[in-house]
Amino acid sequence: MRELPAGHDAVVLDFGDEDRPLSAVGRAAAALREATESGALSVGDIVPTAHTVLVQAEPGAGLDMLGVHRALRGVSADDAPSAGDTAEIRIPVVYDGPDLHEVAEIVNTTPEDVIELHTATVWQVQFMGFAPGFGYLVPRDGGDHPFDQVGRRPEARTRVPSGAIAIAAGYSAVYPRTSPGGWQLLGHTSIPMWDETADPPARLAPGSMVRFVVDE
Amino acid sequence: MSASGKKIVVIDTGPLATVQDLGRSGYAHLGVPVSGGADRGSLTLANRLVGNPESAAVIETTMGGLRIRAHGDLLVAVTGARSDVRIDGSLAGTDAASTLHDNAELSIGLPSNGCRNYLAVRGGLDVDEVLGSRSTDTLSGLGPDPLRAEVELPVGTTTGAWPATLTAPVGGDAPDVVELEITDGPRRDHVRSPADLTRGIWEVSAESDRVGVRVDRPAGCDDPLVTHRADADELASEGVPHGAIQIPPSGRPVLFLADHPVTGGYPVIAVLTSSAVDHAAQLVAGNRVRFVPI
């Protein structure tokens, strides 16, 4: 793990050199979150992504680097994933997206096979961004995936409906609300991904396992 | 009706006026920007001047143009950009607490220097919280809508001790070149020459908002942009620290402000200090800046 500078109030912890960066990131973020919840560490935000964890204190507060080190002590490099990581979130999907046929052509298969590929893959939230509750999902098992060849649409749509299920550039996602978007749309779900009155407000979080199932 | 029964009625908003407090940290991992006042120093000063907790909700204006009417006697303070503040047409001081009597009108003019003003009222603005904050997040749309004419803002009852002083002059003339203090960012090695950022001066572009301030080289200036290294590994998206200076492929730096995205894939090569972020939030198109490593 390398510590990269990010100002007086933050640090970027880079796990890009580890064998399985996403797992290392998940363990470090969990340890930092636990230290924050117990009061041992005072920071504003902990943002895990594919290779790094950003630890951000309140602006001007200064970052407690000793506290960060203390929280990370004992987080071993090859811990098994904790039980919480393995619970799958099942998302029922109606596969009626406008790009289903085009994706089938790109992957050189049938729309039925695209649905089969999407539902047979166990997905994991690599990081969140773009919009509140928007998780960037990658195949949990890594390696090559037929969807890797599917890029973004040449022109973004100005309006992608809330609940749209999409893929692009090796990722899959559920649009948590209506927004512009350039990904290929496979279908939609009716379960809410974002509720600002709920705790937590997002159905997904970094590290969440997701399985899409055909909504019969 | 708020517990105090007092309220502010918006008559005119100027280009953009929003409710802001110190934002909603703790949700960035779920894709939620921190948001909050762009110039936090001015926001907290306004609150201190009226005896509020520093985190109370205030109005943030952009390039003046705000007019509001008081319902009930209020104690108010305006901080931030150098602007004429008038109460019923008469000049009132900035960086000072003033009484705004029932039915009186307060206006904030076009700043002669700076961009954003902060209007605090004793008791704070009591609009509904979203995820623990009353801030309008212009990137994600969380929090109250931007203000518009005829909106009524209830005044709360959350106050602190009376302030020790009712004035806090903030000083000095505007420098020709604003110096912004920076420290190293995480991805300096992704650009060809990080020192190009601190070379010479930059000019603020008109495409600047609460998400970020964009800068470019002034016309006729020979100093280089900040170019990506052709051989750098592709950067996976990662968390964006507060005050990040990000280099998009154009080579023109973006100085992120309060509503910045939580994750991004372009290299962050420097980070503004927290007070430099406040200064950056007061920049307007055409201002010139220099980045000073500390």
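**A tour of chain A: sheet, helix 1 and two domains**

Start by selecting residues 10–14 (strand 2) and 52–56 (strand 4) of chain A, which pair in the antiparallel sense over five bridges. Strands here are DSSP runs of E with at least two residues, helices are runs of H or I with at least four, and both are numbered from the N terminus; two strands pair if DSSP finds at least two bridges between them. This is a predicted model, in which local features need pLDDT of at least 70, side-chain atom pairs count only at pLDDT 80 or more, and totals for chains, interfaces and linings use all residues. Residues are numbered from 1 along each chain as its sequence is written, while chains are lettered from A and ligands numbered from 1 in the order in which they are written.

Next, pick A:V11; its bridge partner in strand 4 of chain A is A:V55.

Widen the selection to the whole sheet of chain A: four strands, open, in the order 1-2-4-3, with antiparallel pairing. Strand 1 (2–5) and strand 3 (45–48) of chain A are the edge strands, each pairing on one side only.

Add helix 1 (residues 21–37) of chain A, which lies across strands 2, 3 and 4 and runs at about 170° to strand 3 of chain A. Angles run from 0 to 180 degrees between N-to-C directions of axes fitted to C-alpha atoms, for helices over the stretch in contact.

Now colour chain A by domain: domain 1 is 2–73 and domain 2 is 88–214, with bounds from an automatic or database domain assignment. Six residues of domain 1 of chain A are in contact with four of domain 2 (C-beta atoms, placed from the backbone, within 7 Å). On the domain 1 side, helix 1 of chain A gives the largest share, three residues.

Note on methods. Contact = placed C-beta atoms within 7 Å.
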